Structures are given as structure tokens and as C-alpha cells.
Amino acid sequence: MDHTPLIHTFEQVDAQIVDLERILNARGSLPLQETVEHAMLLTKRLIIAYIADVGEKTLPAESDELLDVFKALVKSDPSWNTIRDNCRELVYYRNCLDMERSDALPQHPEKMAVRTLRHIYLFMKTRCMREERLEMA
């Protein structure tokens, strides 16, 4: 099976996470709303690329809510629940911002959003490597 689209998605997402991490290290912060939205978008891209690669489920749209995209992933495979709380964390950040409740956010939520995104990426990458969808690096 050709895993090229999945491989490209992981490479692109990793490059964007590296950029976010580089900016955070240089500046100490990022714009919170944009960072959270970007982290959610990249997470959806990873999940959709994985679902497409497996080829057994209906593909959610990138415009769908993150938790709906996650539900498509976990349906009939509860082992993916490992990253459920990470996805919920990103949604929580966005909801706090939408409700103007930044006081309910942790310290440095933009850093936490990037770290959460990195965690999701690493978990999914490791799983894809074990499933031989991505080459061992």
C-alpha cells in the first residue's frame, strides 16, 4: 500500500510544529487564539490522513469540529482514546477564549497547546510506525 499521502502529512505537520516551537523559544509566547486554532487544525489533518490511509471509514471533513473528527477515528477502535483528553484540552482552550474566560486557562496556554499538539503528533507517529505506515526514523 502507498502511504505517501500520510507520510507527507506527518512531515508537513512536524515542520509546522517545529516552527511553533522555534518561535516559542525565541519570543516566549505566541498569539493564543491563533495558536489554539492552528493546533486543532493540525490535529485534524493528522487524524484525517490516518483515517484515509487505513481506508475503512468515512473521511470527516477538515472543517468538522475536532471532537467529531476524533470520534470518526475512535469509532470501532477504542485504543485511540489515549489521545481523547489531548483533543479535549485543545477544545477547552478554544471554548475558554470564545467565552472570554482566559482566567480559566492554565499558565502559558499557548505553550501548552503546542506541547499538546506535539504529544498527539508523537503518539500518532509512533502508532503509524508500529503499523508500518511510516518508516522507522
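Here is a short talk between a visitor and a guide about a predicted model.

Guide: Welcome! In this predicted model, local features need pLDDT of at least 70, side-chain atom pairs count only at pLDDT 80 or more, and totals for chains, interfaces and linings use all residues. Residues are numbered from 1 along each chain as its sequence is written, and side-chain values use heavy atoms, with hydrogens and water left out.

Visitor: What makes up the protein chain, in helices and strands?

Guide: The protein chain has five helices and zero strands; a helix is a DSSP run of H or I of at least four residues, a strand a run of E of at least two, both numbered from the N terminus. Along the sequence the pattern reads α-α-α-α-α.

Visitor: Why is the protein chain called as compact as a globular protein of that length?

Guide: Its radius of gyration is 15 Å, close to the 14 Å from the globule rule for 137 residues, so the description fits. The radius is taken over C-alpha atoms, and the rule is 2.2 Å times the number of residues to the power 0.38.

Visitor: How do you know the reach of helix α2 is close to the expected one?

Guide: Helix α2, residues 32–54, has 23 residues and reaches 33 Å from its first C-alpha to its last, against an expected 33 Å. The expected span is 1.5 Å times one less than the number of residues. After α2 comes G55, with a positive phi near 75°.

Visitor: What share of the 137 residues is buried?

Guide: Buried residues make up 42% of them, where buried means under 20% relative accessible area, exposed over 50% and partly exposed in between (1.4 Å probe, protein chains only).
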